[in-house]
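Visitor: Before we begin, I would like to hear how each label in your description is justified. Could you take me through the reasoning step by step?

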Amino acid sequence: MSTLLVKNIHTLVTLDAERREIRNGALLVQDNAIAQVGTTLELPQTADDVLDLQGRHIVLPGLVNTHHHFYQTLTRVIPVAQNCTLFHWLQNLYPIWANLTPEAIYISAQMAAAELLLSGCTTASDHLYIYPNGCTLDDEIQAIRAIGLRFHPTRGSMSVGESKGGLPPDSVVENEADILKDSQRLIEQYHDNSRYSMLRLALAPCSPFSVTPDLMRESATLARSYPSVRLHTHLAENQSDIDYSVATFGMIPGDYAESVGWLGEDVWFAHCVKLDDGSIQKFGATGTGVSHCPGSNTRLASGIAPIRQMLNAGVPVSLGVDGSASNDAGNMLQEARTAFLLARVRESNPAAMTARDILEMATLGGAKVLGRDDVGAIAVGMAADFIAVNLDRPQFAGALHDPVAALIFCQANAVDYSFINGKKVIDQGRLATIELETLVEKTNAIAEQLMN
Ligand SMILES: Nc1nc2[nH]c(O)nc2c(=O)[nH]1
């Protein structure tokens with residue numbers, strides 16, 4: 001057994017059941033879990049390792065990102081996709097993504113994870129739905145194991161090409177039997193349902209306009225035959241998405257999801273910008289989750305998702321940075337701020353979303369959507385996933401009377417320390433698990449090859 005004491009924390013934001021914010025806080029970690037939480041005076045004074053934060057840092061649970069496409073880190077700001085809405089954006093990018101290789105998947109996954117870690121994310125999901133040239137989900141699973149992020153990879157898929165009325169070119173879609181076979185292989189090889197699991201798999205047919213209703217149903221049946229394998233897809237992202245759903249299935253997206261058995265606590269949808277009131281109520285009643293992706297939704301001019309209404313209806317809402325081809329960043333702290341600002345604009349009401357509401361969405365909200373009760377708060381028995389931000393950073397000057405709100409109001413964008421499963425992954429603002437400069441070089445080289 002090894003112990004780690006983090007002490008002299010300026011403000012320890014627990015997000016525990018009482019939402020305690022402890023001045024001069026401390027926490028004790030035993031192996032990979034939190035063993036004690038309190039003030040520095042209340043906790044033991046020694047441990048195998050001691051991190052003395054000298055009263056300068058705010059500490060909070062690691063942030064949870066529930067929607068991403070790691071491979072898109074290789075295709076940021078592509079000129080032909082800079083100024084399009086969703087469908088044209090996708091149609092301009094599919095041919096580039098058709099050139100992805102296993103190495104490209106591996107390197108882009110590490111690059112995306114590095115950016116997430118540096119901005120406070122400790123658990124992330126990824127949606128990989130395109131598998132050209134021998135690419136597999138295994139490529140990103142190996143990459144993320146090496147960098148140390150707690151991971152919820154999703155086996156995405158596309159099966160309806162242009163010739164059958166779908167959006168993607170036929171060359172990038174897969175056969176449905178192969179998709180289901182590979183999904184089962186991946187679940188059996190990697191899915192770990194235990195407490196503190198570092199990897200849980202989900203099944204994720206890409207979107208209503210790229211798979212059949214049969215694949216939606218069969219994926220649900222397969223996922224539900226294993227413990228805690230969840231279901232994920234894009235839904236109601238913009239008006240064209242709604243129009244496609246009505247024209248093709250004769251139903252709005254919420255009704256389509258219900259018709260294929262995709263409502264429930266084990267399902268979460270990305271975007272839901274255009275989710276109608278009736279569907280919001282159904283999502284609330286069934287515990288169906290949402291990954292809110294405000295950066296991407298504004299970048300693609302899709303709209304502002306009605307997250308205040310969703311929260312009021314009891315919908316589990318979390319945050320997703322979405323892929324870096326439509327964000328074009330993967331910064332969780334910045335995403336939280338964007339969500340905070342847009343909710344106020346959408347409601348024309350600055351009280352509609354507080355900084356603490358958004359921090360809760362970025363931590364406990366993400367944990368709930370991913371089906372975890374072991375991350376998202378700093379409390380005894382929770383996984384030792386936490387981050388520390390130095391309050392001496394210039395953007396916090398003058399804001400120390402409320403450092404918790406300052407994290408969101410004052411544009412925090414990086415963390416100084418991050419621990420995942422008790423292991424240090426960010427040390428004094430630097431990635432501790434892999435060498436960042438080489439990773440950036442490799443990312444740029446592969447991105448250039450893809451473009452060519
Ligand atoms: N924002 C995004 N929406 C999508 N829909 C779909 O089918 N693929 C995507 C995507 O990559 N990003």
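**Labels and their grounds**

Guide: Histidine 232 counts as buried, with a relative accessibility of 1%, and I should say at once that the model we are reading is a predicted one.

Visitor: What makes histidine 232 count as buried?

Guide: The label buried requires a relative accessible area under 20%, and histidine 232 has 1%, so the residue meets that criterion. Histidine 232 is found in strand S10, residues 230-235, and, leaving aside residues up to four places away in sequence, the residues it touches include His67, His127, Trp262, Trp268 and Phe269.

Visitor: Why is the pairing of histidine 232 with histidine 67 called a polar contact?

Guide: A polar contact needs N or O atoms within 3.5 Å, one able to donate a hydrogen and the other to accept it; the side chains of histidine 232 and histidine 67 are 2.9 Å apart, so the distance satisfies that limit. A polar atom of the histidine 232 side chain also lies 2.8 Å from the backbone oxygen of tryptophan 268.

Visitor: How do you know that cysteine 121 is in no disulfide?

Guide: The structure holds zero disulfides. For cysteine 121, the nearest cysteine sulfur belongs to cysteine 293 and is 13 Å away, whereas a disulfide calls for sulfur atoms within 2.5 Å, so the pair does not qualify. Cysteine 121 is itself buried, its relative accessible area being 0%.

Visitor: Why is the pair of arginine 19 and glutamate 360 called a salt bridge?

Guide: The closest N and O atoms of arginine 19 and glutamate 360 are 2.9 Å apart, and the cut-off is 4 Å, so the pair is counted as a salt bridge. Arginine 19 sits in the loop between strand S1 (3-13) and strand S2 (21-30), while glutamate 360 belongs to helix H12 (residues 355-369), so the pair ties together parts that are 341 residues apart in sequence. A search of the whole structure finds 22 salt bridges.

Visitor: What makes arginine 19 partly exposed?

Guide: Partly exposed covers what lies between under 20% and over 50%; arginine 19 has 37% relative accessibility and therefore takes that label. Glutamate 360, at 29%, is likewise partly exposed.

Visitor: Which helix holds both arginine 217 and aspartate 214?

Guide: Both lie in helix H5 (residues 213-224), three residues apart, about one turn of the helix, and their side chains meet in a salt bridge at 3.3 Å, N to O. Elsewhere, aspartate 427 forms a salt bridge with lysine 424, where the closest N and O atoms are 3.6 Å apart, and Asp138, Arg155, Glu174, Asp182 and Arg185 are linked in a network of salt bridges.

Visitor: How do you know that the buried residues of H14 line one face of the helix?

Guide: Helix H14 runs over residues 436-451, and its buried residues are Leu439, Thr443, Ile446, Ala447 and Leu450. Seen down the axis of H14, these buried residues fall within an arc of 105°, so they line one face of the helix. They pack against helix H1 (86-97) and helix H2 (102-118), whereas on the other side of H14 the residues Glu437, Glu441, Glu448 and Gln449 are exposed.

Visitor: What span does H14 reach from its first C-alpha to its last?

Guide: The 16 residues of H14 reach 23 Å, close to the 22 Å expected at 1.5 Å a residue.

Terms used: Residues numbered from 1 in each chain as written. Predicted model: local features only at pLDDT ≥ 70, side-chain atom pairs only at ≥ 80, totals over all residues. Heavy atoms only, no water. Helix = DSSP H or I, 4+ residues; strand = E, 2+ residues; numbered from the N terminus. Expected span 1.5 Å × (residues − 1). Buried < 20%, exposed > 50% of the residue type's maximum accessible area, 1.4 Å probe, protein only. Arc of directions from axis to C-beta. Contact = heavy atoms within 4.5 Å.
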